[in-house]
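Here are my notes on the model you sent round, set out as numbered points. Please read them beside the coordinates.

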Amino acid sequence: MKSASDLIGNEYLEWKPGTPYILSSQTGRGKTTFVMTRLLKNAAAQNKDVLYICNRKALYAQVDQIAADMTQSFKNSFSLTEEESRHLVIQTYQACETKMESPFRFSGKLYVIFDEAHYFLEDASFNSGTNLWSDWIREFYGKTINAGTPICVFMTATPEPLMCFLAMNNEKTSFGSDSLFCNIRKMFQRRSWLCDNIDFLKREFYMYDGSSDNKSKKNLCERVLNEYPEIGRYQRELQDLDIYRDGKAYIQTALDSKDGVQEIRDDLDYSYVEECYFRDFIEIVDNICKTDEKWLIFINDSVKGQQFAQELNTLGIETVFTNASLKNTSAVKEQLKQLETKQSFSCRVLISTSILDCGINVIDDAVRNIAIFNVEKTAFMQMLGRVRVRDNQKLRLYIKAYTAQEIRNRIQYTCKIIHIMYNFYMLHQNEYSGNGTTFHYKPVMRMDQRKKFLRELKGSNYNAISFKPKLMIGNNKVNPSVIDAWKEEKILSEYEINRNYLVHSLYVLYCFDQAKKYTHEGKIDDIYYLKYQLSWLGKKYDESRWVSYTRQRDEIATLLDEYLGNEDGMLSEEQDVFAEKVFELLCRMSVIPSTAKKNSSALKRTGHTPGKNILNKCFEEIGLPYIIASKSKMQNGKREQRWYVKRIDAETDE
């Protein structure tokens, strides 16, 4: 495993201003060490500074305190001389946004280091201030290079969002939200046209169809398609219509082009990770109770996080839950302070939202387990990188495996966010008409549509839009362009679309599309997304790694064993009771056998219990060495079919 310094060597001496340099390697590979031991020394030798911009590393601390603490920490860790320390300037992204200072206007800087550079998109969903960086990056691309232009280095373990951000602000590959929304509008219009024409043709068929016999009604769909074959063509097009296709294509182009960007990337190595999968939190509680090892659990739902912490504390396991709203409570503040100063925490289990996924490192041999509930790639990888391992230590990673329906819900949520931004764009569109002298305008959106949009916007906490950076100009005057928009009754004209959040949402949709490569013959199942998550780590899916897999199989085997010695067999009523019990256990498995999943709806609808063929196929799928055999037997002058549970290996021995 090469360190960043070994990977780059002396190439940094040839780096030039005007080219974004991306240093991409997983956490713990010495990216910060490279900055402090190579770039800082080079800058100090030229009597120039290194500006080190980072995400906030402690929620309880003030910006000045963070900068002072980090400077002292770097000085101690890397044995910096007083002269070298004098040339190190530390600032946070949030401070730059508050002061609205551009790092490209700072004089005397040889290097500007952007640490955790995925920040620009990843934090956009709750911090619209990240959009200010777009202007500064565009300035970096467009400004004439001179002696005062710094060399910009972007460091991250997850470079894909950064690549999208840089491409978005590069004039050559500039991302146009207007053109995207125009294409989305065309897609919506096309979908509406297809639906209207399908409905029209069906109505026309029913109007002139005089068939009333049952046979004709059974073949109704077939006869409609025979009469109007274009309906089938329209339905196929409707099924394949991807409203956000162009946005995802932009993401693909951004990741492929790397125009003007130089990336230094290291190979990933997650051989130290021992992965397990689970569906529900209750599955890992037993593992938490078994040992005295510490756990770090990343959760994406504050309500559930508090609930889980309460459950564990009730069991006598000291657990602290932390999120942004609890940062100033005594218990949380203490753990955060320990993380910042000691790179450890004292409680047995620390449950956290994404507030810890950047900047905080955990170096503690007692922390041997990490559980991640997050579904998005960048956040997932950053969370995993918080725990550093030493020597030949292993880290057990518990991955929350989402079902296909849960992933669909997440996709729908992401589409909803983009649709809110699209509606904001439509809110400001007017149709103009006039005679050359007088012009009239008419809003594209009707008043009821505007009201509906404003309700949706409120429900999203307004994260989809942000104040225009140049809203106020001169002596505290409102920008004339905003005043003109007000005159045309354009609602919320003082706002603009949160572009970084838009690109982030498109990137998330793109990743969901990439996950489809892990379906079986194009069919989506409940483990396809888990397989995609494992690919991030260079891992393959292994059914035996389910936390509850062995226990769930053993439960079914135990039930089957109870019926092994029944020489009289099961009659009809007992068959139903037995089949219902077994099928319920099968449907409660972390990965439901495909045969059970395929038949469960129909059985529930009809009230029937599964037959022996369905159960036997399920046993075969999960590798249980059992089979249900049937024999016909005379009873009271009546022939009855009886079931017998047998072990396959016993059958073979006989």
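**Notes on two helix pairs and one loop residue**

1. In this predicted model, I would begin with the contact of helices α9 and α12, in which Arg-190, Arg-191, Trp-193, Leu-194, Cys-195, Asn-197, Ile-198, Leu-201 and Lys-202 of α9 meet Glu-230, Ile-231, Tyr-234, Gln-235, Glu-237 and Leu-238 of α12. Sorted by class, the residues of this contact are eight nonpolar, two polar and five charged.

2. As for the geometry of that pair, α9 spans residues 177–208 and α12 spans residues 230–240, and their axes come within 10 Å of each other while crossing at roughly 150°. Because angles over 145 degrees are counted as roughly antiparallel, α9 and α12 are therefore described as roughly antiparallel to each other. The crossing in which α9 passes α12 is left-handed.

3. A second pair is formed by α7, covering residues 132–142, and α8, covering residues 160–168, whose axes come within 9 Å and cross at roughly 70°. An angle from 65 to 115 degrees counts as roughly perpendicular, and so α7 is placed roughly perpendicular to α8. On the α7 side the contact involves Trp-133, Ser-134, Ile-137 and Tyr-141, which meet Phe-165, Leu-166 and Met-168 on the α8 side. This contact of α7 with α8 has six nonpolar residues and one polar residue, with no charged residue in it.

4. Turning from helices to a single position, where does Gln-393 lie? Gln-393 is found in the loop that runs between α17 (377–384) and β12 (395–400). Its relative accessibility is 19%, and since the cut-off for buried is under 20%, Gln-393 counts as buried; a reader who works with another cut-off may wish to keep that value of 19% in view.

5. Which residues does Gln-393 touch, once those up to four places away in sequence are left out of the count? They are Tyr-272, Asp-365 and Arg-368. With Asp-365, the side chain of Gln-393 also makes a polar contact of 3.4 Å, side chain to side chain.

6. Finally, some totals for the chain as a whole may help to place these details. The secondary structure comprises 27 helices and 20 strands, and of the 654 residues in the chain, 48% are buried. Among contacts with a separation of 6 or more, 75% are between residues that stand 24 or more positions apart.

Conventions: Residues are numbered from 1 along each chain as its sequence is written. This is a predicted model: local features need pLDDT of at least 70, side-chain atom pairs count only at pLDDT 80 or more; totals for chains, interfaces and linings use all residues. Side-chain values use heavy atoms; hydrogens and water are left out. Helices (H or I, at least four residues) and strands (E, at least two) are DSSP runs, numbered from the N terminus. Buried means under 20% relative accessible area, exposed over 50%, partly exposed in between (1.4 Å probe, protein chains only). A polar contact is a pair of N or O atoms within 3.5 Å; within protein, one must be able to donate a hydrogen and the other to accept it, and residues adjacent in sequence count only if both atoms are side-chain atoms. Contact means heavy atoms within 4.5 Å. Axes are lines fitted to C-alpha atoms, for helices over the stretch in contact, and angles run from 0 to 180 degrees between N-to-C directions. Angles under 35 degrees count as roughly parallel, over 145 as roughly antiparallel, 65 to 115 as roughly perpendicular and the rest as oblique. A crossing is left-handed if the near helix is turned anticlockwise from the far one by less than a right angle, and right-handed if clockwise. Ala, Val, Leu, Ile, Met, Phe, Trp, Tyr, Cys and Pro count as nonpolar, Asp, Glu, Lys and Arg as charged, and the others, Gly among them, as polar.
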